[in-house]
Amino acid sequence: MIDYCIIGSGISGSTIANLLKKKSTVHVFDKAKGVGGRSSFKRYKKNIGFDHGLQYLSPKSIEFKKFTKKLIKQKVLKKWNGDHKFLNKNVKQDKKHIKIIGVKGNNEISKHLLKK
Ligand SMILES: Cc1cc2nc3c(=O)[nH]c(=O)nc-3n(C[C@H](O)[C@H](O)[C@H](O)COP(=O)(O)OP(=O)(O)OC[C@H]3O[C@@H](n4cnc5c(N)ncnc54)[C@H](O)[C@@H]3O)c2cc1C
């Protein structure tokens, strides 16, 4: 018997599924071809791809920092030192925030959370 059905495999749905699956049976449905929602990544050639939405994570809460740290250890995520180029010259990059991306694309977060 299925205990929960989750509509959507973006970061939210994947996180909820990952938490619920510890004690329940969970099914995740998505209308898209792959998982990740707005963190989807389209591979174009072997090492070239494009983010559909989310470009990087910049965790601020303790819980989210813990979550990303764990995934960095597991080589799902990595720190990113890329620069931003702003069209508006008055906007400066905030160097304080760490930037984190998926090692193979940002949809790796959902893939990892939904693995089992
Ligand atoms: C261009 C762009 C750039 C962004 N850049 C950043 C960034 O740099 N950093 C950052 O932190 N955030 C960024 N964001 C925001 C971030 O992408 C979203 O906040 C996050 O991905 C939302 O995750 P979610 O799981 O809540 O929703 P979604 O990722 O939208 O997931 C919803 C899922 O539900 C599915 N779904 C919807 N309706 C149905 C249905 N009826 N039946 C079945 N499936 C359904 C969809 O297909 C989708 O997979 C950006 C967003 C965009 C669009």
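## Q&A on a predicted model

Q: How many residues sit between β3 and β4 in their hairpin?
A: The model is a predicted one, and in it β3 and β4 make a hairpin. β3 covers residues 41-45 and β4 covers residues 48-51. That leaves a linker whose length is 2 residues.

Q: Do β3 and β4 pair in the parallel or antiparallel sense?
A: These strands are held together over 4 bridges. One opposing pair puts Lys45 across from Ile48 of β4. The sense of the pairing is antiparallel.

Q: Is Ile48 buried or exposed?
A: Ile48 belongs to strand β4, and Gly105, 57 residues away in sequence, has its C-alpha 10.0 Å from that of Ile48. The cut-off for exposed is 12 or fewer other C-beta atoms within 10 Å. Because Ile48 has just 8 such atoms around it, it counts as exposed.

Q: What order do the elements of the protein chain follow from the N terminus on?
A: Stepping back to the whole chain, there are 3 helices and 6 strands to place. β1, α1 and β2 make a β-α-β unit. Read from the N terminus, the full order is β-α-β-β-β-α-β-β-α.

Q: Is the β-α-β unit of β1, α1 and β2 right-handed or left-handed?
A: The two strands of this unit, β1 (residues 4-7) and β2, run parallel and share 4 bridges. Among the facing residues, Tyr4 is opposite Val26, and Ile6 has Val28 as its bridge partner. With α1 as the helix of the unit, its hand is right-handed.

Q: Which residues of β2 point to one face and are buried?
A: Side chains in a regular strand alternate between the two faces of the sheet. β2 shows that pattern, with His27 and Phe29 on the face where the residues are not buried. The buried ones, pointing to the other face, are Val26 and Val28.

Q: Which residues does Val28 touch, not counting those up to four places away in sequence?
A: Val28 is buried, and it is also among the members of the largest nonpolar core that touch the most other members. Its bridge partner Ile6 turns up among its contacts too. The full set is Ile6, Ser9, Gly13, Ala17 and Leu114.

Q: Which elements each supply at least two residues of the largest nonpolar core?
A: That core holds 13 residues, and the members touching the most others are Ala17, Val28, Leu77, Ile100, Ile109, Leu113 and Leu114. Several elements each bring at least two residues to it. These are α1 (11-20), β2 (26-29), β6 (100-102) and α3 (108-113).

Q: Which element gives the most to the shell around the ligand?
A: The ligand is surrounded by 19 residues, the closest being Gly8, Gly10, Ser12, Gly37 and Gly53. By class, the shell splits into 7 nonpolar, 9 polar and 3 charged residues. The top contributor, with 3 residues, is α1.

Q: Where is Lys75 found?
A: Most residues other than glycine have a negative phi. Lys75 goes against that habit, with a positive phi of about 60 degrees. It is exposed, since just 11 other C-beta atoms lie within 10 Å. Its place is the loop between α2 (62-73) and β5 (77-79).

Q: Which residues are in contact with Ile72, leaving aside its neighbours within four places in sequence?
A: Ile72 is found in helix α2. With 14 other C-beta atoms within 10 Å, it is partly exposed. Its C-alpha is separated by 26 Å from that of Lys23, 49 residues apart along the chain. Its contacts are Leu77 and Lys78.

Q: How far apart in space are Gln93 and Phe29, C-alpha to C-alpha?
A: Gln93 lies in the loop between β5 and β6, and it is exposed because it has 11 other C-beta atoms within 10 Å. Leaving aside neighbours within four places in sequence, it contacts Asp83 and His84. Phe29 is 64 residues away in sequence, and the distance in space is 38 Å.

Q: What share of the residues in the protein chain is buried?
A: The C-alpha atoms fill a box of roughly 55 × 35 × 25 Å along the principal axes. Of the contacts between residues at least 6 apart in sequence, 54% join residues at least 24 apart. Out of 116 residues, the buried share is 23%.

Key: Residues are numbered from 1 along each chain as its sequence is written. This is a predicted model: local features need pLDDT of at least 70, side-chain atom pairs count only at pLDDT 80 or more; totals for chains, interfaces and linings use all residues. A nonpolar core is a set of buried Ala, Val, Leu, Ile, Met, Phe, Trp, Tyr and Cys residues joined through C-beta atoms within 7 Å. A residue is buried if 20 or more other C-beta atoms lie within 10 Å of its own, exposed if 12 or fewer, and partly exposed in between; C-beta atoms are placed from the backbone. Two residues are in contact if their C-beta atoms, placed from the backbone, lie within 7 Å. A residue is near a molecule or strand if its C-beta atom, placed from the backbone, lies within 6 Å of it. Ala, Val, Leu, Ile, Met, Phe, Trp, Tyr, Cys and Pro count as nonpolar, Asp, Glu, Lys and Arg as charged, and the others, Gly among them, as polar. Two strands pair if DSSP finds at least two bridges between them. A crossover is right-handed if, with the strands pointing away from the viewer, the path from the first strand over the helix to the second runs clockwise.
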